[in-house]
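Here's a quick tour of a fold you may want to keep open in your viewer. We'll start with the strands and then look at what sits inside.

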Amino acid sequence: VTVARQWKSSVESLPDRSTVYMFTEATGHAVLIMGREFGQGWTLPNYVRVFRKSVAETMVFDDGTLSDNGNSWQADGRLMKQDLRVHIEIRRSGSAFWRIVAVQDRPYAYSDQMVATLREGLWATAW
C-alpha cells in the first residue's frame, strides 16, 4: 500500500509472537494499528468476545455491527483514560482474524479523511 507522507509507520512484535503494523499521523491526531491473529475453529463472534475482554481495561465499545455474511464486525468506542475516539473493524478469513484499530484525538474532522484513506488502503492489501 502507498502510505501518505503524513504517516510514520513501524512494525511491533508482541509478546505472543504476533506482529502489528502501526501508523502514526505526523501531528499525533491519529494512530492506526493493523494486526492479524489466528483462531483455529473460532467464529467471528467468539473472536470479538475474546478481543473485547482483552481490551476491557483500556477501551469501551458500543455493541457494533456484524456484517450480513458474518465475516466482518465493526464498532465505535473510546479509550477509557483519555478522551480519544476509537473505531475497530475485524474481518475473518478462514482461521485468520485481521483487525484495524483507529484512534483519533480532537478535532476528529482534522484526521477523518486521512484515517479513512489509510484504512481503505490497508484493507485492500490484506483482503
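Which residue in β3 is the bridge partner of T24? It's V31. Keep in mind that this is a predicted model.

That pair belongs to a run of antiparallel neighbours. Strand β1 (residues 7–13) lines up with strand β2 (residues 19–25) over seven bridges, and one of the matches puts S9 opposite F23 of β2. β2 then pairs with strand β3 (residues 30–38), again in the antiparallel sense, this time over five bridges.

Both pairings are hairpins, and here's how their turns look:

| Hairpin | Residues between the strands | Residue with positive phi |
|---|---|---|
| β1 and β2 | five residues | R17, near 75 degrees |
| β2 and β3 | four residues | G28, about 85 degrees |

Now for the inside. In soluble globular proteins, nonpolar side chains tend to be buried together. Here the largest nonpolar core has 17 residues, and F51, F61, I88 and I90 are the ones that touch the most other members. At least two residues each come from α1 (44–54), β4 (59–61), β6 (72–79), β7 (85–93) and β8 (96–104). The largest share is from α1, with four residues.

Take F61 as an example of how the pieces meet. Leaving out residues up to four places away in sequence, F61 touches F51, R52, V55, A75, D76, G77, V86 and I88.

There's also another core, lying apart from the largest one. This one is made of 15 residues, including L32, W98, I100 and V115.

Key: Residues numbered from 1 in each chain as written. Predicted model: local features only at pLDDT ≥ 70, side-chain atom pairs only at ≥ 80, totals over all residues. Heavy atoms only, no water. Core = buried A, V, L, I, M, F, W, Y, C linked by side-chain atoms within 4.5 Å. Buried < 20%, exposed > 50% of the residue type's maximum accessible area, 1.4 Å probe, protein only. Contact = heavy atoms within 4.5 Å. Pairing = 2+ DSSP bridges.
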